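Me: I've got this model open and I'd like a close look at a single part, the barrel. Could you take me round its strands and then out to the loops and the helix outside?
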Amino acid sequence: MRVKICGITSVEDARLAVDAGADALGLVFYPPSPRHVTVELATEIASAVSPFAVLTGLFVNAHPQEVEDILKLVPLNLLQFHGDENAPYCRQFHRPYMKALRMKPDLDPVEAMAAYPDARGVLLDAYRKGVPGGTGDTFDWQRVPQGGDRHIILAGGLNPENVAEAIAAAHPHGVDVSGGVEAAPGRKDPQKVRAFIDAARSAATSGARSNALTQGV
Ligand SMILES: O=C(O)c1ccccc1NCC(=O)[C@H](O)[C@H](O)COP(=O)(O)O
């Protein structure tokens with residue numbers, strides 16, 4: 001089970017998340033967010049963390065030049081587009097990308113994911129009108145498509161208490177969390193970060209074990 005801790009705003013929180021076992025960190029380049037980071041801070045965070053941590057830059061309907069400018073200065077491994085960006089927009093940067101899809105009640109996730117065939121992953125997040133992300137809301141995990149070959153990352157209102165249930169219901173490739181591991185907006189709580197990662201990994205291991213028992217392995 002892969003874990004991404006999103007909304008990192010300090011070197012301290014970045015190190016905490018990686019030391020606790022996070023695979024990826026999210027840096028929010030969206031000024032209205034309380035978790036927004038400047039290029040200077042993002043560069044500092046990038047220099048401080050393990051080269052094996054996937055540094056993800058998150059954008060919401062940004063002007064392409066803004067993304068290009070940030071890419072020149074911050075060594076991002078992955079781009080995450082969290083607005084209404086279409087596939088030609090997402091691929092123009094020639095970098096691996098994830099597309100966030102907000103699970104509006106009438107959205108067909110299979111159809112929506114098909115519009116981004118070259119996305120490395122698709123992040124399914126809760127929908128709240130007018131708020132592009134970091135809502136702290138959950139959605140119905142039964143809506144997560146099963147059995148396909150896409151890397152689905154589950155997000156939206158996850159926390160140390162509900163992540164095991166979410167994984168058991170949705171069987172995602174990975175989970176993403178922001179508000180559920182914070183002490184205050186933009187500041188991570190060390191205990192919650194560790195508890196979240198431990199709970200996600202245990203849930204995945206016990207899910208795999210019970211599958212093996214069911215199949216008589
Ligand atoms: O975190 C933000 O402030 C944010 C603002 C605008 C767009 C996206 C944002 N976060 C994106 C994430 O990847 C979050 O982890 C995801 O939306 C889940 O957030 P939460 O429900 O708080 O765990």
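Reply: What follows starts with the whole chain, settles on the barrel strands, and ends with a few residues outside them.

Before anything else, this is a predicted model, where local features need pLDDT of at least 70, side-chain atom pairs count only at pLDDT 80 or more, and totals for chains, interfaces and linings use all residues. Residue numbers start from 1 along each chain, following the sequence as written.

First, the setting. The protein chain has seven helices and ten strands (these are DSSP runs, H or I with at least four residues for helices and E with at least two for strands, numbered from the N terminus). Its C-alpha atoms fill a box of roughly 55 × 40 × 30 Å along the principal axes. A compact globule of 217 residues would have a radius of gyration near 17 Å, and the protein chain agrees with that, at 17 Å (taken over C-alpha atoms; the globule rule is 2.2 Å times the number of residues to the power 0.38). Buried residues account for 41% of the 217. Here buried means that 20 or more other C-beta atoms lie within 10 Å of the residue's own, exposed means 12 or fewer, and partly exposed is in between, with C-beta atoms placed from the backbone.

UniProt, in an unreviewed entry, puts "domain: N-(5'phosphoribosyl) anthranilate isomerase (PRAI)" at residues 3-198. UniProt positions use the numbering here, feature names are shortened, and annotations may be inferred rather than shown by experiment. The span 3-198 is 29% helix and 21% strand, and its end C-alpha atoms lie 10 Å apart.

Now the barrel itself. Eight strands close it in the order S1-S2-S3-S4-S5-S6-S7-S8, with parallel pairing. Neighbouring strands of this sheet are turned by 25 degrees against each other on average, ignoring direction (axes are lines fitted to C-alpha atoms, for helices over the stretch in contact, and angles run from 0 to 180 degrees between N-to-C directions). Two strands count as paired if DSSP finds at least two bridges between them.

Let's park on S2 for a moment. Strand S1 (residues 2-5) pairs with S2 in the parallel sense over two bridges, and Ile5 stands opposite Leu25 there. On to S3: S2 (residues 24-28) and S3 (residues 54-59) are parallel partners over five bridges, with Leu27 matched to Gly57. Is S2 open or enclosed? Five of its five residues are buried, so S2 is largely enclosed by the rest of the structure. In a regular strand, side chains alternate between the two faces of the sheet. Both faces of S2 are covered, with Ala24, Gly26 and Val28 buried on one side and Leu25 and Leu27 buried on the other.

S6 tells a similar tale. Strand S6 (residues 121-125) is mostly covered, with five of its five residues buried. Gly121, Leu123 and Asp125 point one way and Val122 and Leu124 the other. S6 pairs with S5 (residues 97-102) in the parallel sense over five bridges, and Arg102 stands opposite Asp125.

Then there's the ligand. Of the 25 residues around it, Cys6, Gly133, Gly134, Ser178 and Gly179 come nearest (near means a C-beta atom, placed from the backbone, within 6 Å). S2 and strand S8 (174-177) are the elements that give two or more residues to this shell. The shell divides into nine nonpolar, 13 polar and three charged residues. Ala, Val, Leu, Ile, Met, Phe, Trp, Tyr, Cys and Pro count as nonpolar, Asp, Glu, Lys and Arg as charged, and the others, Gly among them, as polar.

Finally, a few residues outside the strands. Most residues other than glycine have a negative phi. Asn61, in the loop between S3 and helix H3 (64-73), has a positive phi of about 50 degrees although it is not a glycine. Asn61 is exposed, with 12 other C-beta atoms within 10 Å. His171, in the loop between helix H6 (163-170) and S8, also has a positive phi, near 45 degrees. His171 is partly exposed, with 18 other C-beta atoms within 10 Å. Asp118, in the loop between helix H5 (109-114) and S6, is exposed, with 10 such neighbours. Its C-alpha atom is 8.2 Å from that of Tyr97, 21 residues apart along the chain. And Ser202 sits in helix H7 (residues 190-214), where Ser202 is partly exposed, with 14 other C-beta atoms within 10 Å.
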